[in-house]
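Got your viewer open? Let's take a short walk through this structure, one selection at a time.

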Amino acid sequence: MGNKDTTDKAEKVTKPNKLDNKAYEKELKRLQAELVDMQQWVVETGARVVIIMEGRDAAGKGSAIKRITQYLNPRTARIEALPAPSSREQGQWYFQRYVEKLPTAGEIVIFDRSWYNRAGVERVMGFCTSQEYRRFLHQAPIFERLLVEDGIMLRKYWFSVSDEEQLARFKSRLEDPLRRWKLSPMDLQSITRWEEYSRAKDEMFIHTDIPSAPWYTVESEDKKRSRINVINHLLSTIPYEKIERPLPQIPERPESDNGYERPPRAEFRYVPDVASKLAQPKRKKDKAKKDRK
């Protein structure tokens, strides 16, 4: 098995050079256009795609998912991030609530964490019994083979990040009021239990890295690199073809033939135009352009 985690404490991770921002944006837009083509092929052919995103806390899964779905039609490409199971769900077969979220024909489903919670956080934090954990390691490959045999295209990605970079990202979130919500007590446990999570991940790979549903590791020391790499790999593994569709013609608006007149604006309630305070007067704008020249 060639998916050894490169993020153990004992192994020094060399941080890659940052990507040129213009080159990154250009390549990202190109790949996102291909994702739109891929989705159109999925819809037209009735294919079913499941993408599993797993990895360390703060490894960049969420931002990668955002870039993948940014321009996709949400009607046929959805993200599933299931909360903790309810008391009723705890009494079900473990995979049952995930089965309900699987795609129908023409759909793409991205699991922002998945059934592999049992092999990670549940195992490390003691939220499942040893018997439940062992049963999962036995059943997960069987479950995934059934999905693949039924025609579902299953892709599994593990986002790998070093302990130093993870800690730096946690600190960055703490300093940013817009992202503090991403920090939870469970996330912070991943710092003190780093090696336990490493062992759990290694054992998970041993049992679930199977030929019909292999794991692909995404190096995520640089988030921009990881986004480009995971999207490129995903596109390379889906046998889609660009489907040419005729562009719709926008018709001309017909002239009113019944004398319709819009009611006076004073009869409606409008949202206050606070944005007008941000707008620069035209004369000042023109002067600013001249000054720059």
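Before we start clicking, one term: two strands count as paired if DSSP finds at least two bridges between them. Keep in mind too that this is a predicted model.

**Stop 1: the sheet**

Show the strands. You'll find an open sheet of five of them, in the order 2-3-1-4-5, with parallel pairing. At the edges sit strand 2 (77-80) and strand 5 (215-219), each of which pairs on one side only. Direction ignored, neighbouring strands here are turned by 20° against each other on average. What holds such strands together in general? Strands of a sheet pair through backbone hydrogen bonds, either parallel or antiparallel.

**Stop 2: strand 1**

Now select residues 48-55, which make up strand 1. How many of its residues are buried? Eight of the eight are, so strand 1 is largely enclosed by the rest of the structure. Turn on the side chains: Arg-48, Val-50, Ile-52 and Glu-54 point one way, while Val-49, Ile-51, Met-53 and Gly-55 point the other way. That fits a general pattern: in a regular strand the side chains alternate between the two faces of the sheet.

Next, add the partners of strand 1. Strand 3 (residues 107-112) pairs with strand 1 in the parallel sense over six bridges. To spot one of them, click Val-50, whose bridge partner in strand 3 is Val-109. Strand 4 (residues 153-160) also pairs with strand 1 in the parallel sense, over seven bridges. Look for Val-49, which stands opposite Met-153 in strand 4, and for Gly-55, which stands opposite Phe-159.

**Stop 3: Met-153**

Stay in strand 4 and pick Met-153. Is Met-153 buried or exposed? Its relative accessibility is 16%, so Met-153 counts as buried. Leaving aside neighbours within four places in sequence, Met-153 is in contact with Trp-41, Ala-47, Arg-48, Val-49, Val-50, Ile-238 and Pro-239. For a distance to try in your viewer, go from the C-alpha atom of Met-153 to that of Asp-57: these two are 96 residues apart along the chain and separated by 26 Å.

**Stop 4: Glu-80**

Hop over to strand 2 and select Glu-80. Glu-80 counts as buried because its relative accessibility is 13%. Which residues does Glu-80 touch, not counting those up to four places away in sequence? They are Lys-101, Val-109, Ile-110, Phe-111, Asp-112 and Arg-113.

**Stop 5: helix 1 and helix 10**

Time for helices. Select residues 21-45 (helix 1) and 223-237 (helix 10): their axes come within 10 Å and cross at roughly 30°. The two helices are therefore roughly parallel to each other, and helix 1 passes helix 10 in a left-handed crossing. On helix 1, the contact residues include Tyr-24, Leu-28, Leu-31 and Met-38, and on helix 10 they include Ile-228, Ile-231 and Leu-235. By class, this contact has nine nonpolar, two polar and four charged residues.

**Stop 6: helix 6 and helix 9**

Last selection: residues 130-149 (helix 6) and 194-208 (helix 9), which pack at an angle of about 40° with their axes 9 Å apart. That makes helix 6 oblique to helix 9. Helix 6 passes helix 9 in a right-handed crossing. Show Tyr-133, Arg-134, Leu-137, Ala-140, Pro-141 and Glu-144 in helix 6, and you'll see them meet Glu-203, Met-204, His-207 and Thr-208 in helix 9. Five nonpolar, two polar and three charged residues make up this contact.

Terms used:
Residues are numbered from 1 along each chain as its sequence is written. This is a predicted model: local features need pLDDT of at least 70, side-chain atom pairs count only at pLDDT 80 or more; totals for chains, interfaces and linings use all residues. Side-chain values use heavy atoms; hydrogens and water are left out. Axes are lines fitted to C-alpha atoms, for helices over the stretch in contact, and angles run from 0 to 180 degrees between N-to-C directions. Helices (H or I, at least four residues) and strands (E, at least two) are DSSP runs, numbered from the N terminus. Angles under 35 degrees count as roughly parallel, over 145 as roughly antiparallel, 65 to 115 as roughly perpendicular and the rest as oblique. A crossing is left-handed if the near helix is turned anticlockwise from the far one by less than a right angle, and right-handed if clockwise. Contact means heavy atoms within 4.5 Å. Ala, Val, Leu, Ile, Met, Phe, Trp, Tyr, Cys and Pro count as nonpolar, Asp, Glu, Lys and Arg as charged, and the others, Gly among them, as polar. Buried means under 20% relative accessible area, exposed over 50%, partly exposed in between (1.4 Å probe, protein chains only).
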